[in-house]
Amino acid sequence: MGKVGFGVAVGCAVVTCAIAAVLLGRRVQSRRKWRRAVEMLQEFEEGCATSIGRLRQVVDAMAVEMHAGLASDGGSKLRMLLTFVDNLPDGVLRVQLGGRGSMILSHQVKHHPIPQELMSGTSEDLFDFIARTLKQFVEQEDDGSEQKVDEKKELGFTFSFPVRQMSVSSGILVKWTKGFSVEDAVGKDVARCLEEAMTKAGLNMQVAALVDDIVGTLALCHYYDKDTVAAVVIGTGTNACYVERTDAIIKCQGLLTSSGGTVVNMEWGNFWSSHLPRTSYDIALDDESPNSNDQGFEKMISGMYLGDIARRVLYRMAQEADIFGDDAYNLSIQFIFRTPLMAAMHEDESPDLREVRRILTENLLLPHVSLKVRRLIVRVCDIVTRRAARLAAAGIVGILKKIGRDGSGGVASGRTKGTPRRTVVAIEGGLYAHYSMFREYLNEAVVEILGEEVAQNVVLRVSEDGSGIGAALLAAAYSSN
């Protein structure tokens, strides 16, 4: 019995040692994987670094590309499209807008999302839908005041895609962005396409002003504040426009305007510079996108792409550091992690990051993510957002540098009799208006680049739903009636 008992005792000791060894091995493996996740986070952060020196390089590159785009078509990644808007409204002629020098009396806004199938269908189907939707709106809202039944109404058409303007009321579609691919519309005058559809729908209307959404934003903000010289949209996509001196537009020598200036649609989403901090994740996103080697700036700063950059980082961590176990399949799906979800995670201030846990569970089907990993996820969101906001800030300062409003002097110096000139930049889009961390990072970077003395004369003003109202203002200002 003694031998048997001894044998059993030895066997138990061996089993205990084996279990201990397995547990120790798992801990070592777990620590090794966690170290790899932290290393990847650090590598990503370093790759996204936006030092003040780098931001100033981006500022200079933006200004140089603006000069090149104004010199010749195709001379820059920036298209620098003329809009033929040479007078921004500071009071308009239409009754509903209150008359010259007065305020807008009333406006109505209704949102109608475009069905997915029309985003890749035919131009006729797309514009017929817009015309039908417009007709419904007019019939619901039009009280017929101050206008004859047979009088043709003036329409401001906001069209948020690259268009080569032929006049203030006509323009040729250059290409689609934002997921649209209605191929037979490229090369057509989109204002005429809409007018034909409106005629078919029984609407007695004509396009008086064809504008990009960013131009509409600039028009509305200038209506309220004459110091507004530029506008930026940072939402699903991104773009910028500003008021340029006509004598600076070399590619259109002889262009005459009553104001001596005109609004230029930069199409800055296509801006590119070697100074932009591009990572392997950005390269992979671009390679897998339908517009590879295009819209490089947009893919680093706009809402359509930020969430997917973060997803790519997290998916690689899942593959190489196993931080999610066997539940990471959904992270392999492009654009499943949308930017609004990223913003909600980033702004979760609860001690246990319960909102992060909820989104992981409900939207990404990752139900058992530890607090340590949730904190790492928030850090990834922070890095993506901070880089985007600071690069957007550099782009804005690049515009100010080009027009001499960055405090450095120049041809169009932002000083009047030695006093820094007040400068207003309108900003529209959900990233800036509703994502507080993005807005905070952008504002901080503008001050950091310009310096506090100059920055105190630069106002960044939120504009919400301004593009449509701005287009209506321009339609009234350029009305033929």
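# Notebook: salt bridges, sheet and a cavity

I began with two side chains: lysine 299 is buried, and aspartate 286 is buried too. I note that the model is predicted.

**Entry 1: the buried pair.** I looked up what joins these two residues. Their side chains meet in a salt bridge, at 2.6 Å from N to O. I then placed them in the fold. Lysine 299 sits in helix H7 (residues 298–301) and aspartate 286 in helix H6 (residues 280–287), so the pair ties together parts that are 13 residues apart in sequence.

**Entry 2: salt bridges over longer stretches of chain.** I counted salt bridges in the structure and got 32. I followed up on two of them.

I took aspartate 73 and lysine 251 to start with. Their closest N and O atoms are 3.0 Å apart, and they form a salt bridge. Aspartate 73 belongs to the loop between helix H2 (52–71) and S1, while lysine 251 belongs to the loop between strand S7 (238–245) and strand S8 (261–265), so the bridge ties together parts 178 residues apart in sequence. I checked burial for the acid. Aspartate 73 has 52% relative accessibility and counts as exposed, because the cut-off for exposed is over 50%.

Next I took arginine 422 and aspartate 225. They form a salt bridge with the closest N and O atoms 2.8 Å apart. Arginine 422 is in the loop between strand S10 (419–420) and strand S11 (423–428), and aspartate 225 is in the loop between helix H5 (213–224) and strand S6 (228–234), so this pair ties together parts 197 residues apart in sequence. Is arginine 422 exposed, partly exposed or buried? At 33% relative accessibility, arginine 422 counts as partly exposed. Aspartate 225 has a relative accessible area of 10% and is buried, because buried means under 20%.

I also asked which residues share a network of salt bridges. I found Arg36, Glu39, Glu43, Arg316 and Glu320 linked in one.

**Entry 3: the sheet.** I traced an open sheet of six strands, in the order S1-S8-S7-S6-S11-S12. Its pairing is mixed. Which strands are at the edges? They are S1 and strand S12 (458–462), each of which pairs on one side only. I looked at how S12 is held. S11 and S12 run parallel, and five bridges join them. I picked out isoleucine 427, whose bridge partner in S12 is valine 462.

**Entry 4: a cavity.** I searched for enclosed space and found two cavities of 30 Å³ or more. I opened the second largest, which holds about 60 Å³ of space. I listed its lining: Leu81, Leu82, Thr83, Phe159, Phe161, Val163, Gln165, Leu210, Val211, Asp212, Val215 and Asn265. Which elements give two or more residues to this lining? They are strand S1 (81–82), strand S3 (163–167) and strand S5 (205–211). I sorted the lining by class and got eight nonpolar, three polar and one charged residues.

**Entry 5: whole-chain figures.** I closed with the totals. The protein has 481 residues, and buried residues make up 50% of them. I counted 15 helices and 12 strands in its secondary structure. Among contacts with a separation of 6 or more, 73% come from residues 24 or more positions apart.

Note on methods
Residues numbered from 1 in each chain as written. Predicted model: local features only at pLDDT ≥ 70, side-chain atom pairs only at ≥ 80, totals over all residues. Heavy atoms only, no water. 1 Å grid on protein atoms, 1.4 Å probe; cavity = no way out; pocket = protein on both sides within 12 Å on 5 of 7 lines; lining within 4 Å. Points joined across faces, edges and corners; volume = space filled by probe spheres on them. Helix = DSSP H or I, 4+ residues; strand = E, 2+ residues; numbered from the N terminus. Nonpolar A, V, L, I, M, F, W, Y, C, P; charged D, E, K, R; others polar. Salt bridge = Lys/Arg side-chain N within 4 Å of Asp/Glu carboxyl O. Buried < 20%, exposed > 50% of the residue type's maximum accessible area, 1.4 Å probe, protein only. Pairing = 2+ DSSP bridges. Contact = heavy atoms within 4.5 Å.
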